[in-house]
Structure formats: C-alpha cells, structure tokens
Amino acid sequence: MNNLAQQLAEYIVTLRYDSLPSKAVDSAKQCILDSTGNMLYGCCTAVGEKAKAHIKAFPGGAKGSLVFVPGGDSFPADDAAFISTLMARSSDLDDGHRVAMGHPGSFLIPAVMAYGQVMNANGKEMLTAVIAGYETYIRIGETINPSSYRERGFESTSVTGSVACTAALGKLYNLDAAQMKDALGLAATFTGGLIEYQNDGSMGKVLSGAWAIRNATMSLQLALSGFTGPEAIFEGKKGFAQAFSNHPEPEKAVAELGSVFKISEIYFKAHACMRGLHCAIDAVLDLRERFHLTPENIDSIIVYTTPFVGRLSKPCPRTEISAQNSLEFTMAVALKNGHIASERVLAAAMKQSDVFATARKIKLVMDPEVSAFVQAHPSCWGSVQVSVGTKDRRTHETFVSLPRGEAENPFSWEELKQKFCRMTENTPYQPYASELAERLAHFEELSAPGNLYHPWNESRITHNRRSSHKKGR
C-alpha cells in the first residue's frame with residue numbers, strides 16, 4: 001500500500017468539483033462567507049494596517065501579478081496572502097475544528113483568494129481547492145491532536161496549516177500526484193509554531209497563518225523544481241505524527257478518505273475570543289438572559305472546569321490579544337454587553353474599570369467531575385459548570401459542554417450572513433454587505449471571485465442591482 005503522503009496526494013489531484021457532495025460544497029461556501037467577513041473587517045483594523053505597512057517597509061522582492069486584498073489595495077500575490085491572513089485573524093472570529101484544533105479559514109481562504117486571482121481560477125476551481133485544503137487540515141490535524149496543542153503547546157494553525165495550504169494551492173496550480181506528494185512532504189518537514197503567545201498576548205497569534213502560507217508556497221516551488229519530500233513523512237518513525245504528538249494516530253489521515261467530507265465538522269464563532277472560552281461565555285450569557293443578571297446584582301461567579309481552560313485565567317489583561325485569551329475578562333465583557341461581537345468590544349472594555357471589577361469576582365475551580373466528563377468526551381475540552389451567586393443570596397447554575405456554532409449546534413446560513421453583515425460595519429463594504437453575501441452564496445457561479453475586493457467593485461454591484469431591477473428580478 002502507498003504511504004500516507006502518496007494517498008493524500010492522489011486524492012487531492014483527482015478531486016473534482018462535479019464529484020463533490022452538495023453538503024461539502026455548502027460547507028465550503030459557509031467557510032468562504034465567514035472568512036471573507038473576517039478579512040473585510042480586518043481591512044480597517046490596526047493589525048490590517050500594520051500588515052500593509054510591514055510589506056511596504058520590507059517588500060522582500062515579491063514579484064508577479066498584482067492582486068487585490070480587502071480594502072482594494074493591490075500587491076504581489078505573496079504579499080497579498082500575508083496581508084489578507086492577518087486581516088482574517090485580527091478579529092478572533094475565524095472558524096476552526098475542535099479535534100484538529102486551530103483556524104484553517106484564517107489562511108486557506110485568504111491564500112486561495114490571492115493565488116486564485118493569479119491563476120484566473122473560477123468559483124468552482126476555488127471551491128475545490130478550499131475543500132482539498134480543509135480535508136487535509138482536519139485529517140492531518142486529527143493525527144496529532146488534541147495532545148499536540150493541549151499538552152505540548154504546538155500551534156495547529158501553522159503546524160497543520162502548512163500542509164493543508166500546500167494541498168489547497170497545489171490543487172489550484174494543478175500539481176500532479178508526484179509533485180503533490182513531494183510538496184506535502186516538504187511542507188510537513190519544515191512546519192512549526194508555538195502557542196506561548198497565549199501567556200503574554202504577543203502577536204504570534206495573528207502571524208501563525210502567514211507562516212503556513214509562506215511554508216506552503218516555498219514547498220510548492222521546490223516540488224515544482226524537482227526537490228523531493230520524505231516518502232513516509234506522516235507515519236515515519238521520525239515523521240510528522242510522532243514529532244508533534246504524545247499520542248500519534250497517523251492512520252486517521254486517510255480514514256474514509258473520499259467517502260466522508262470532514263469540512264462539514266467546522267465550527268463558526270459568535271464571540272471574538274479564543275474558542276476555549278466560548279463554553280464559559282455561552283454559560284454566563286444563558287444565565288444572564290434567563291435570570292436577568294447584571295454586573296451590579298452579582299456577588300460572585302465560580303467556573304468549575306479543567307486545567308486546559310484554567311490556564312487561561314488572567315483577570316487583568318494588558319493587551320487586546322491577551323484579553324482575547326482571558327477567561328475572567330471575556331466573561332465580564334459578555335455579562336456587561338450581552339455579546340462579544342467584535343474585538344472592538346474587548347478593546348473598549350479594557351478602558352472600563354467596572355469590567356475589571358466584575359472580572360475580579362470570577363473564581364476558577366479545577367473540578368474532578370468536569371475533568372471526568374472531559375476525559376470521557378475528549379473533544380469537549382472547553383466544558384464548564386458556571387455558578388452565579390447574586391446579592392439576594394440566590395445561586396444560578398448551568399453546564400455547557402459545546403458552544404454554539406459546532407456541527408451539533410450549528411449556525412444557519414442566515415445567522416452567518418448576519419454575522420458577515422456585522423463584520424462589514426464601518427468598512428467600505430457595509431452598503432453592499434447583503435449583496436456580497438448573496439454572491440458568496442453562489443460562489444460556484446463566479447468567474448473571477450477575486451474581484452470581490454476590487455476597488456471599483458462597488459460601482460459594479462450597484463450596476464448589477466440596477467440591471468436586476470430592470471429585468472424584474
């Protein structure tokens with residue numbers, strides 16, 4: 001039997017749009033809608049501006065056709081992909097997978113949109129590349145996680161992402177099976193990334209997807225030039241799975257390959273913070289609504305959980321990224337506002353003393369019952385029991401094992417569209433958000449999806465709207 005890299009390569013190069021199940025295509029369009037919303041939001045953030053300023057200050061000799069990024073600026077594709085993935089990551093509202101860990105939409109969609117413009121790829125070709133990337137990401141991620149991330153501190157977005165992005169871009173660039181196998185092997189050989197940024201709020205978080213793209217493009221170029229990758233890179237004794245995991249399961253990379261499409265397991269986020277905090281936030285929002293809780297009538301909050309969630313205890317964050325990784329602070333923000341719809345909500349809260357006062361009321365308890373539940377249900381790693389004591393001496397409790405947006409409790413297309421429209425607020429795309437979402441819902445019909453970012457796209461949309469009215473639609 002062929003090694004795992006060869007099996008994956010053959011699967012990727014033979015994947016065809018016409019053979020994709022409708023559910024997988026629908027899931028891919030949801031991922032594109034969500035990631036595009038994140039990118040459009042990011043074009044007006046400090047991180048987005050910092051990314052563009054970096055490229056302008058240190059262009060690095062990038063060559064080739066100019067392509068558009070959210071906001072309408074144009075850059076060479078390598079730089080455009082770098083900028084777009086930082087935009088997509090800035091809001092902390094990007095998609096993910098709770099077993100493979102990490103956030104594939106934060107780099108796969110930006111990369112496919114950027115390099116797809118270079119290749120003049122149409123909607124069907126881009127959708128196929130996106131699905132190839134997600135399938136690779138989830139399958140490779142499952143071979144090493146959750147221990148790689150939870151126990152060893154590897155950043156799956158960059159570690160697994162390098163291989164997944166190689167699959168997606170290799171599909172766009174029409175690599176043959178031998179070239180694809182070598183590219184995957186090279187990407188896996190040189191991949192890496194750590195989550196130490198979670199402890200101090202530094203910016204490795206927003207850069208992890210950019211590393212995945214850079215590694216992928218280099219691996220593709222080397223494979224096309226005849227450089228080879230290890231034959232048994234995933235299952236080998238010195239290979240990817242054993243290097244990154246305490247409990248490697250390389251066989252998961254190809255289990256039910258081609259018959260089960262794992263892209264439909266992707267989750268989407270409602271709260272602009274780390275996914276490990278969402279169960280606790282959902283819990284406090286549920287209690288807030290049911291019992292009309294306010295910060296003023298709360299005496300104490302106890303979060304019963306596990307060390308995996310407990311490591312995120314930091315009631316006094318000093319940076320916005322640190323705030324996105326703070327259990328107490330995000331719960332306090334949610335309790336006050338009823339949501340954390342964007343990172344701007346967190347940024348504003350960092351100037352509000354009452355939020356910090358509420359955060360100090362929150363205590364964490366490492367609970368054996370919750371730990372036993374997580375041990376029996378490993379993918380429910382964010383589980384919490386939240387108990388709120390009010391000043392009238394009442395206690396309200398709830399247990400949450402999975403947050404909203406998971407495949408078991410999904411958002412509808414309409415809910416994702418509403419999120420998309422919120423993400424475009426205060427951006428040049430706000431007046432056309434609903435129409436853009438409608439175009440993304442029919443992504444397979446687009447001849448040049450990259451033009452969604454075109455600086456003259458607004459006039460085109462307006463023209464299309466007028467034409468549609470004339471036709472009586």
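Modeller: Let's start with a word we'll need: contact means heavy atoms within 4.5 Å. And keep in mind that this is a predicted model.

Colleague: Okay, so what does Phe-240 touch?

Modeller: Leaving out residues up to four places away in sequence, Phe-240 touches ten you can look up, including Ile-140, Val-159, Val-163, Ala-188 and Ile-233. Phe-240 is also among the residues with the most contacts inside the largest nonpolar core, along with Tyr-115, Ile-131 and Phe-234. That core has 99 residues, and helix H6 (residues 123–144) gives the most to it, 11 residues.

Colleague: What lies apart from that core?

Modeller: Another core, of 47 residues, with Cys-273 and Ala-334 among them. Ile-281 touches both Cys-273 and Ala-334, and you'll find Ile-281 in helix H12 (residues 278–291).

Colleague: Why is Ile-281 called buried?

Modeller: Check the cut-off: buried means under 20% relative accessible area. Ile-281 comes out at 0%, so it counts as buried.

Colleague: And why does Pro-403 count as buried?

Modeller: Its relative accessible area is 4%, which is under 20%, so Pro-403 is buried as well. Pro-403 sits in the loop between strand S6 (395–400) and helix H19 (413–423).

Colleague: How far apart are the C-alpha atoms of Ile-281 and Pro-403?

Modeller: They're separated by 8.6 Å, though the two residues are 122 residues apart along the chain.

Colleague: Which residues does Pro-403 touch, then?

Modeller: Not counting residues up to four places away in sequence, Pro-403 touches Arg-275, His-278, Cys-279 and Asp-282.

Conventions:
Residues are numbered from 1 along each chain as its sequence is written. This is a predicted model: local features need pLDDT of at least 70, side-chain atom pairs count only at pLDDT 80 or more; totals for chains, interfaces and linings use all residues. Side-chain values use heavy atoms; hydrogens and water are left out. A nonpolar core is a set of buried Ala, Val, Leu, Ile, Met, Phe, Trp, Tyr and Cys residues joined through side-chain atoms within 4.5 Å. Buried means under 20% relative accessible area, exposed over 50%, partly exposed in between (1.4 Å probe, protein chains only). Helices (H or I, at least four residues) and strands (E, at least two) are DSSP runs, numbered from the N terminus.
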